[in-house]
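Below are my comments on the model, set out as numbered points. Please read them alongside the coordinates.

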Number of protein chains: 2
Amino acid sequence: MEDCKREAKHIFLAKFKEGVTEEQIEECIKRLISLVDLFPSLKAFNWGKEMGIANFHQGFTHVFESTFESAEGLAGFMSHPHHHDYANFLLPQLEKFVAFDFQPTKVQP
Amino acid sequence: MEDCKREAKHIFLAKFKEGVTEEQIEECIKRLISLVDLFPSLKAFNWGKEMGIANFHQGFTHVFESTFESAEGLAGFMSHPHHHDYANFLLPQLEKFVAFDFQPTKVQP
């Protein structure tokens, strides 16, 4: 955590298990959204489905992307019991996932 | 490409091969940044290093995150010769990568 004052992002790529329904996936997203209000450091939350433009997604189907106002805020979210409960609900429904945390260096086009 | 008018994002997670130096990685980032001005549809570009808060990154070390004003803009970038040249330069330096394209659904905290 080199720079605790800088914005920090958490990218979570998920591949749901075969047989997990659209309704179950929606429930996963809904429960995650319900956490958003509980963490004041969480500034933005996006989710989306793989679009299929290219074929380098290694089977990942969904992304959840959270932006925190600081590395401290992100670390606080990750270690919070609400997040652990959510992980215990979500992870059994996934075939695989990868989570990546970083402090973005922004390039202005 | 359900909604061509909506913003589209490209997330690229990379693990550089052992032996690739910091200087070589910086050159990869510099060359990618030099592409940014060439694509008017590219609205924002961020990159960052894995922070090590949690241990679910599966060895990925870097992320490049690009935001395009539309799915069409993203598809145009992916299929452009400049991007192919860049991929030919970058990919031999990577042990693995995953690329994920999506149109974000934004949740306001």
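1. Confidence by element. This is a predicted model, and in chain A the confidence is lowest in strand β5 (residues 105-107), where the mean is 92. Confidence is highest in strand β4 (residues 94-102) of chain A, at 98.

2. Overall confidence. The average pLDDT of chain A is 93, and 95% of its residues score at least 70. For the complex, the predictor reports an ipTM of 0.92 and a pTM of 0.93. Where pLDDT is low, predicted coordinates should not be read in detail.

3. Relation between the copies. A turn of 180° with a shift of 0.0 Å along the axis lays chain A on chain B, with an RMSD of 0.0 Å. This is the relation of a two-fold axis. Within chain A, the C-alpha nearest that axis belongs to A:I11, at 4.5 Å from it. Both copies use the same surface: of the contact residues of chain A, 100% recur in chain B.

4. Order of elements. Chain A has three helices and five strands. Read from the N terminus, their order is β-α-β-β-α-α-β-β.

5. Dimensions of the chain. How does the radius of gyration of chain A compare with what the globule rule gives for 109 residues? The radius is 15 Å and the rule gives 13 Å, which is close, so chain A is as compact as a globular protein of that length. Taken along the principal axes, the box filled by the C-alpha atoms of chain A is roughly 40 × 35 × 20 Å.

6. Burial and contacts. Of the 109 residues in chain A, 31% are buried. Among the contacts in chain A with a separation of 6 or more, 82% are between residues 24 or more positions apart.

7. Helix pair. A packed pair of helices is described by the angle between the axes and the distance between them. In chain A, helix α1 (residues 22-36) and helix α3 (residues 81-90) have axes that come within 11 Å and cross at roughly 175°. Angles over 145 degrees count as roughly antiparallel, and α1(A) and α3(A) are therefore roughly antiparallel to each other.

8. Residues at the helix contact. Which residues make the contact between α1(A) and α3(A)? On the α1(A) side they are A:C28, A:R31, A:L32 and A:L35. On the α3(A) side they are A:H82, A:Y86, A:F89 and A:L90.

Note on methods: Residues are numbered from 1 along each chain as its sequence is written. Chains are lettered from A and ligands numbered from 1 in the order in which they are written. This is a predicted model: local features need pLDDT of at least 70, side-chain atom pairs count only at pLDDT 80 or more; totals for chains, interfaces and linings use all residues. pLDDT is the predictor's confidence in each residue, from 0 to 100. Helices (H or I, at least four residues) and strands (E, at least two) are DSSP runs, numbered from the N terminus. Copies are superposed by least squares on the C-alpha atoms of residues with pLDDT of at least 70 in both. Two residues are in contact if their C-beta atoms, placed from the backbone, lie within 7 Å. The radius of gyration is taken over C-alpha atoms; the globule rule is 2.2 Å times the number of residues to the power 0.38. A residue is buried if 20 or more other C-beta atoms lie within 10 Å of its own, exposed if 12 or fewer, and partly exposed in between; C-beta atoms are placed from the backbone. Axes are lines fitted to C-alpha atoms, for helices over the stretch in contact, and angles run from 0 to 180 degrees between N-to-C directions. Angles under 35 degrees count as roughly parallel, over 145 as roughly antiparallel, 65 to 115 as roughly perpendicular and the rest as oblique.
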